[in-house]
Amino acid sequence: MEGDTTNFFIYKRLQSYPLRITTLARGVAIGDELEYADEITLGRSIINRIPFENSLKAH
């Protein structure tokens, strides 16, 4: 929950800038340590990331 709140705060603060804000796609669980993710899962999550606005609609 804290991560979602932080993400939303940062998104709102940066919304007026010409940035592409994304979230990781499936494969990396929320709260997991990235050092424990295997390279293939992490790579796919980065390549298939989604726009942050879309992640808001999923909740």
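How many aromatic pairs does the structure hold? The structure holds one, and the points below start from that pair and work outward through this predicted model.

1. The aromatic pair. The one aromatic pair of the structure is formed by Tyr11 and Phe52, whose ring centres lie 4.8 Å apart and whose planes stand at 40°, so the pair counts as tilted. The pair links distant parts of the chain, since Tyr11 belongs to helix α1 (residues 2–14) and Phe52 to helix α3 (residues 52–58), with their positions 41 residues apart in sequence. Both partners, Tyr11 and Phe52, are buried.

2. Another approach of helix α1 to Phe52. Asn7 is also found in helix α1, and its C-alpha atom is 8.7 Å from that of Phe52, although the two residues are 45 apart in sequence. Is Asn7 buried or partly exposed? With a relative accessible area of 37%, Asn7 is partly exposed, because that value falls between the 20% under which a residue counts as buried and the 50% over which it counts as exposed.

3. Thr23 and its contacts. Thr23 is found in strand β1 (residues 22–23) and, at 17% relative accessibility, it counts as buried, because the value is under the 20% cut-off. When neighbours within four places in sequence are left aside, Thr23 is in contact with Arg49, Ile50, Phe52 and Ser55. Phe52, one of these contacts, is the residue that pairs with Tyr11 in point 1.

4. Arg49 and what its side chain reaches. Arg49 is found in the loop between α2 and β2 and is partly exposed, with a relative accessible area of 33%. Which side chain does the side chain of Arg49 meet in a polar contact? The partner is the side chain of Thr22, at 3.0 Å, and the C-alpha atoms of Arg49 and Thr22 are separated by 6.1 Å, although the residues are 27 apart along the chain. The side chain of Arg49 also reaches the backbone oxygen of Ile46, at 3.0 Å.

5. Gly43 in helix α2. Gly43 lies in helix α2 (residues 39–47) and counts as partly exposed, at 26% relative accessibility. Its C-alpha atom is 9.9 Å from that of Leu24, and the two residues are 19 apart along the chain.

6. The chain as a whole. The chain has three helices and two strands, and from the N terminus on its elements run α-β-α-β-α. Of its 59 residues, 12% count as buried, a group that includes Tyr11 and Phe52. The chain exposes about 5300 Å², of which carbon and sulfur atoms supply 56%. Among contacts between residues at least 6 apart in sequence, 61% join residues at least 24 apart; the contact of Arg49 with Thr22 bridges 27 residues.

7. Confidence. The chain averages a pLDDT of 77, and 71% of the residues score at least 70. Where in the chain is confidence lowest, and where is it highest? Confidence is lowest in α3, at a mean of 74, and highest in strand β2 (residues 50–51), at 85. A reader of point 1 may wish to keep this in view, since Phe52 is placed in helix α3, whereas Ile50, listed in point 3 as a contact of Thr23, falls within the residue range of strand β2.

Definitions and conventions. Residues are numbered from 1 along each chain as its sequence is written. This is a predicted model: local features need pLDDT of at least 70, side-chain atom pairs count only at pLDDT 80 or more; totals for chains, interfaces and linings use all residues. Side-chain values use heavy atoms; hydrogens and water are left out. Helices (H or I, at least four residues) and strands (E, at least two) are DSSP runs, numbered from the N terminus. Buried means under 20% relative accessible area, exposed over 50%, partly exposed in between (1.4 Å probe, protein chains only). Contact means heavy atoms within 4.5 Å. Accessible areas come from the Shrake-Rupley method with a 1.4 Å probe; for residues, only the protein chains shown count as cover. Rings of Phe, Tyr and Trp (its six-membered ring) pair if their centres lie within 6.5 Å; planes under 30 degrees apart count as stacked, over 60 as edge-to-face and the rest as tilted. pLDDT is the predictor's confidence in each residue, from 0 to 100. A polar contact is a pair of N or O atoms within 3.5 Å; within protein, one must be able to donate a hydrogen and the other to accept it, and residues adjacent in sequence count only if both atoms are side-chain atoms.
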